[in-house]
Amino acid sequence: MSALAHVPTGSGQPATPPAARSGRYRFLPYLLLLPGAAWLFLFFALPLVQLAAASLYDPSGSLATGYALTWAFGNYPDALQAYWPQFTRSFLYAGMALVLALLMGYPLAYAIAQKAGRWKNLLLVCVVAPMFTSFLVRTLAWKTILSDNGWIVGLLRDVHLLGPDGRLLATPVAVVLGLTYNFLPFLVLPLYASLERLDYRLLEAASDLYASPLRAFRKVTLPLSMPGLVAGTLLFFIPASGDYINAELLGTPKEYMIGNVIDSAFLVRLDYPQGAALSFLLMAAILAVVFGYLRKAGTDEVL
Amino acid sequence: MTRISRWLADRWLMGVALLVLGYLFLPIAVVAGLSFNRPSSRLSYDFNEFTLDNWRRPCATSDMCDAVVRSVQIGFLATVVATVLGTLMAFALVRHRFRGRSGINVLIFLPMATPELVMGTSLLALFVSAGVPQGFWTIVIAHVMFCVSFVVVTVKARLAGMDSRLEEAAMDLYASEWQTFRRITLPLVLPGIVAAALLAFSLSFDDFIITNFNAGTTVTFPMYVWGAAQRGIPPQVNVIGTAMFLIALLLVLASTLRGRRAKRFS
């Protein structure tokens with residue numbers, strides 16, 4: 001499965017690439033790299049610099065009158081102050097979705113890797129298959145599933161988990177469920193890659209040594225699946241915290257995340273300095289979470 | 001006793017796994033179901049009445065089909081460029097030793113770790129400040145940018161797992177470098193390149209966030225769905241969603257069957 005390719009497997013690189021055989025080849029690698037690297041430099045790295053510049057524009061300018069780069073660092077605290085609730089909400093929702101996804105994704109990955117036998121590949125295709133349909137169309141399908149007239153809401157009302165007028169759509173529940181759903185495969189695939197290499201005999205050894213199943217899981221399975229767990233968590237959390245589609249389609253402005261604010265800053269309000277500052281704050285926050293988490297999880301295999 | 005508890009543990013786990021798969025497939029089933037629906041009103045998402053009309057005339061709303069065609073064009077162009085650029089880079093990284101390798105690796109890794117939102121807004125900032133009008137070509141440029149990294153890792157994985165002795169054998173048998181590349185290297189790497197191209201196309205076809213910031217007035221299929229979500233979704237959107245799912249599923253099944261047959265022959 002091609003989607004597995006970016007999962008760290010630890011054996012991606014050959015020991016050493018062969019040295020250039022003669023002078024004729026000295027420049028060949030650079031020639032091969034040039035077009036791709038130039039593209040990434042021009043359209044990935046350079047735009048980031050431009051975005052950094054835009055975040056320091058004089059906020060009193062506008063798209064029509066032009067912006068002046070005045071190193072207005074004040075844009076950052078201003079933006080943070082104005083949109084603090086959306087900012088914290090992004091990480092809160094992404095975190096809650098992550099917990100849900102772990103609760104669902106770990107058993108799924110473990111079952112496919114260790115228990116599925118010859119059905120392994122088929123089940124793996126089943127994990128990826130939902131992504132074959134358009135992201136937006138799938139998210140809209142949740143509108144139907146969670147609709148006020150749908151059977152899920154009906155059932156929850158019947159068992160009094162929801163009041164007679166209670167709803168799921170346009171609530172935080174719907175947004176978190178949507179986030180969980182949309183990024184779950186990104187969590188499951190790297191986890192699967194780690195768990196697939198887990199030697200079942202280690203668990204048998206643990207139980208021979210009188211470890212309870214829970215203890216064997218904590219002491220053997222969990223540490224051995226750590227690289228996949230870390231990679232999967234990151235692949236889940238990064239897009240989930242920057243997402244604004246679920247909040248827009250399944251929520252209301254009360255559930256808006258920072259992505260919604262950035263989207264409207266650039267495309268509706270045309271306030272580029274603020275949008276750029278918020279983009280950088282989002283990236284900085286994600287990087288901080290990622291590196292803090294990596295340090296805690298204590299694995300270097302991901303980067 | 002342990003036997004029974006293990007049997008239970010196995011089944012319990014498989015049960016949970018199947019429930020989670022059910023959760024993953026529920027929306028697909030709903031999309032497929034809604035593709036046969038005649039909605040009661042434009043803004044209704046509930047199932048109303050069975051009909052085959054949506055499948056019979058998928059282009060009844062012509063804007064949508066225009067958007068699908070545009071998405072296919074953009075996906076095709078972005079895939080071709082990204083696959084060529086990414087494959088060249090993968091060859092350089094796996095087959096050659098050179099200075100600046102780690103810098104290149106970082107440049108390839110970063111786009112995969114950067115939130116799409118940040119890539120989208122930064123490109124928008126660049127295009128606006130450079131005075132480039134946004135539209136079809138800026139979308140293609142953006143899509144190539146985020147697809148290249150995925151192509152590199154996919155092709156690299158294939159190249160790294162290749163037995164280089166086959167190429168040495170060809171050279172020993174007096175094949176020229178070009179012949180070795182054409183007859184040995186390329187056929188062996190090709191499955192990786194095809195997989196990378198398919199991945200690139202699906203990433204491009206389904207991209208919304210980056211496209212949304214760089215599309216100008218050009219409408220791709222995801223952009224159409226986004227816009228229509230506010231005005232009311234035509235049921236034909238679900239036909240496209242279901243068709244995409246079926247086509248991709250067929251491709252995967254075909255490649256699995258081919259792989260299995262190849263394994264039997266060797």
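**Exercise 1. Determine whether D163(B) is buried, partly exposed or exposed in this predicted model, and identify its salt-bridge partner.**

*Solution.* In this predicted model, D163(B) has a relative accessibility of 31% and therefore counts as partly exposed, given that the partly exposed class lies between 20% and 50%. The next step is to look for the partner, and here the side chain of D163(B) meets that of R165(B) in a salt bridge with an N to O distance of 2.9 Å. For R165(B) the relative accessible area is 58%, and this residue is exposed.

**Exercise 2. Find how many salt bridges the whole structure holds, and work out which parts of chain A the pair R167(A) and D148(A) ties together.**

*Solution.* A search over all chains finds eight salt bridges. One of them joins R167(A) to D148(A), with 3.1 Å between the closest N and O atoms. To place the two residues, note that R167(A) lies in the loop between α6 (151–158) and α7 (172–196) of chain A, whereas D148(A) lies in the loop between α5 (135–145) and α6, so the pair ties together parts that are 19 residues apart in sequence. As for accessibility, R167(A) is partly exposed at 39%, and D148(A) is likewise partly exposed, at 28%.

**Exercise 3. Describe the salt bridge between R38(B) and D53(B), and name the network to which these residues belong.**

*Solution.* The side chains of R38(B) and D53(B) form a salt bridge with an N to O distance of 3.1 Å. Because R38(B) sits in the loop between α1 (2–34) and α2 (53–56) of chain B, and D53(B) in helix α2 of that chain, the pair ties together parts 15 residues apart in sequence. The relative accessibility of R38(B) is 35%, which makes this residue partly exposed, and D53(B), with a value of 30%, is partly exposed too. Widening the view, a network of salt bridges links R38(B) and D53(B) with E49(B) and R56(B).

**Exercise 4. State how many disulfides the structure holds, and establish the handedness of the one between C59(B) and C65(B).**

*Solution.* Over all chains there is one disulfide, and C59(B) and C65(B) form a disulfide in which the sulfur atoms are 2.0 Å apart, a distance that satisfies the cut-off of within 2.5 Å. The torsion about their S-S bond is about -90°, so the disulfide is left-handed. Turning to accessibility, C59(B) is partly exposed at 44%, whereas C65(B) is buried at 13%. Another cysteine, C147(B), is buried with a relative accessible area of 0%.

Key. Residues numbered from 1 in each chain as written. Chains lettered and ligands numbered in written order. Predicted model: local features only at pLDDT ≥ 70, side-chain atom pairs only at ≥ 80, totals over all residues. Heavy atoms only, no water. Salt bridge = Lys/Arg side-chain N within 4 Å of Asp/Glu carboxyl O. Helix = DSSP H or I, 4+ residues; strand = E, 2+ residues; numbered from the N terminus. Buried < 20%, exposed > 50% of the residue type's maximum accessible area, 1.4 Å probe, protein only.
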